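Dear colleague,

I am passing on the structure we spoke about, and you will find the sequence and the coordinates directly below. My notes follow, with each term explained where it is used.

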Amino acid sequence: MSATLTARPAALWRRPLLRVAALVSAAALAACAPTEPTATGAQTGPMIDPSQPVQVALLVPGGSGDPNYDYMSRSMANAARMAVADAQGARIDLRVYELGDDAGQAVAMANKAVAEGAKVIVGPLHGESANAVGNAVRGRVNVLSFSNNADIAGGNLFVLGNTFGNTADRLVSYGVKQGLRRFLIVHENDVAGQLGGAAIEGAIARNRGTMVGKTGHGLSRAEMDAIAPTIARAAAQNQAQALFVTGNHAEALPEITAALASAGVSSRSIQLMGLTRWDVPASRAGLPQLQNGWFAVPDLGRMAAFNARYRAAYGENPHDFATLAYDGVSAIAANVRAGRANAVTTAGLTRGAGFAGIQGPFRLRPDGSNQRQLSVATLQGGKLVVIDPARSSFGGFGF
């Protein structure tokens, strides 16, 4: 276990390449549509003739024989085809390339796709593959990867997955508006936990809050039970008003919050909040230690509508990552439908008002990261309750 740290200036830094794939849930209805014509960013990527079919390469992790990857790939490809069908005026020539789980194969397929005429790439999944593909096609086309690891983003490489920083910003900014200023961070000691902790720290600084401590913990129940009293003392001594946990692992969130509750720390005494959805899986929504904690959710109604539509078309539920394929292809199609010759350039893709995504509005930022409009939710009596709905648009020129 690590000791509780006193507050220090927050900063996000570049880290070694990590295999952190998109950590978002699935879906919703309606094609993406830009809502504001203002462009930001540099002209990187080819100009196109929007009156002609635009070739889009979709890189998926199928073909390795792994049934989980095959299911994921099938869902992504089907969702992308739904986006093409929904394009209404944009002609998208979608071509699917299977990569398996291999960065070298991802680079080979990306080069093949560009040689065959692809104007933009959607995918791949894992961070190291996305980073390799971005480097391989730099100066030729933009890449909209499925990763949520903002550390790999930049240049011609974008991440579509909801980032830790985006979720942390939403919750911290809402907390500050409610009068919460002093935040204590609790994170797992693994790579994802450290990334999540750094994202929370950055969000606190950006929203002019104060980090009063930061504590890491191991993943075993014994380690979490042992660290909980230390966290409780740190919260009291530093007058923390909010305790922000990463809770990335399915087992970690119930265990660390139960250990904290045993040490006298719950949302009755300090506002708990977390980076992940606390209502998923549904079996933990009724856990007493999770009640009244804050977490972020996308547009659940639109996601449910998309899932129903997908089931009707393909006879199975989509994988959670299907939404990213739909969003990526729909954003491109929306720009093409609007007749924009810069549809797949950095300037075209980073329009400030963004796109009406299937989980809610989202926009790609010039630094390669993204911002998604999220709702703040809580659990009350085992039921999800939205306490601060997401904005319906970005309504301006953006970043």
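The axes of helix α6 (residues 221-237) and helix α7 (residues 252-262) come within 8 Å and cross at roughly 40 degrees, where helices (H or I, at least four residues) and strands (E, at least two) are DSSP runs numbered from the N terminus, and where axes are lines fitted to C-alpha atoms, for helices over the stretch in contact, with angles running from 0 to 180 degrees between N-to-C directions. The two helices α6 and α7 are therefore oblique to each other, given that angles under 35 degrees count as roughly parallel, over 145 as roughly antiparallel, 65 to 115 as roughly perpendicular and the rest as oblique. The crossing in which α6 passes α7 is right-handed, a crossing being left-handed if the near helix is turned anticlockwise from the far one by less than a right angle, and right-handed if clockwise.

Please keep in mind that this is a predicted model, in which local features need pLDDT of at least 70 and side-chain atom pairs count only at pLDDT 80 or more, whereas totals for chains, interfaces and linings use all residues. Residues are numbered from 1 along each chain as its sequence is written, and side-chain values use heavy atoms, with hydrogens and water left out.

Helix α7 also belongs to a right-handed β-α-β unit, together with β8 and β9; a crossover is called right-handed if, with the strands pointing away from the viewer, the path from the first strand over the helix to the second runs clockwise. Strand β8 (residues 242-245) pairs with β9 in the parallel sense over four bridges, two strands being taken to pair if DSSP finds at least two bridges between them. Across this pairing, Phe244 stands opposite Met273 in β9. Strand β9 (residues 271-274) is covered on both faces, since Gln271 and Met273 on one side and Leu272 and Gly274 on the other are all buried, that is, under 20% relative accessible area, with exposed meaning over 50% and partly exposed in between (1.4 Å probe, protein chains only).

Strand β6 (residues 182-188) is mostly covered as well, with six of its seven residues buried. Over four bridges β6 pairs with β8 in the parallel sense, and Phe183 stands opposite Ala242 in β8. With strand β7 (residues 210-217), β6 again pairs in the parallel sense, here over seven bridges, and the bridge partner of Phe183 in β7 is Met211. The chain crosses from β6 to β7 through helix α5 (residues 191-206), and this β-α-β crossover is right-handed.

Next come two open sheets. Five strands form one of them, with parallel pairing and the order β2-β1-β3-β4-β5; its edge strands are β2 and β5 (157-159), each of which pairs on one side only. Neighbouring strands of this sheet are turned by 20 degrees against each other on average, direction ignored. Within it, strand β4 (residues 142-145) and β5 pair over three bridges, and Leu144 has Phe158 in β5 as its bridge partner.

The other open sheet has three strands in the order β11-β12-β13, with antiparallel pairing. Strands β11 (355-357) and β13 (370-372) stand at its edges with a single partner strand each, so one side of each is left without a neighbour in the sheet. Here the average turn between neighbouring strands is 30 degrees, direction ignored.

As for the interior, the largest nonpolar core has 44 residues, and those with the most contacts inside it are Leu58, Phe146 and Ile332; such a core is a set of buried Ala, Val, Leu, Ile, Met, Phe, Trp, Tyr and Cys residues joined through side-chain atoms within 4.5 Å. Helix α9 gives the most to this core, with ten residues. Apart from it lies another core of 26 residues, among them Leu184, Val245, Ile270 and Val297.

Finally, some backbone details may deserve a look. The peptide bond from Gly123 to Pro124 is cis, with omega near 0 degrees, and Pro124 lies in the loop between β3 and α3 (127-136). The bond from Val280 to Pro281 is likewise cis, Pro281 being placed in the loop between β9 and β10 (294-297). Arg208, in the loop between α5 and β7, has a positive phi near 60 degrees and is exposed, with a relative accessible area of 73%.

With best regards
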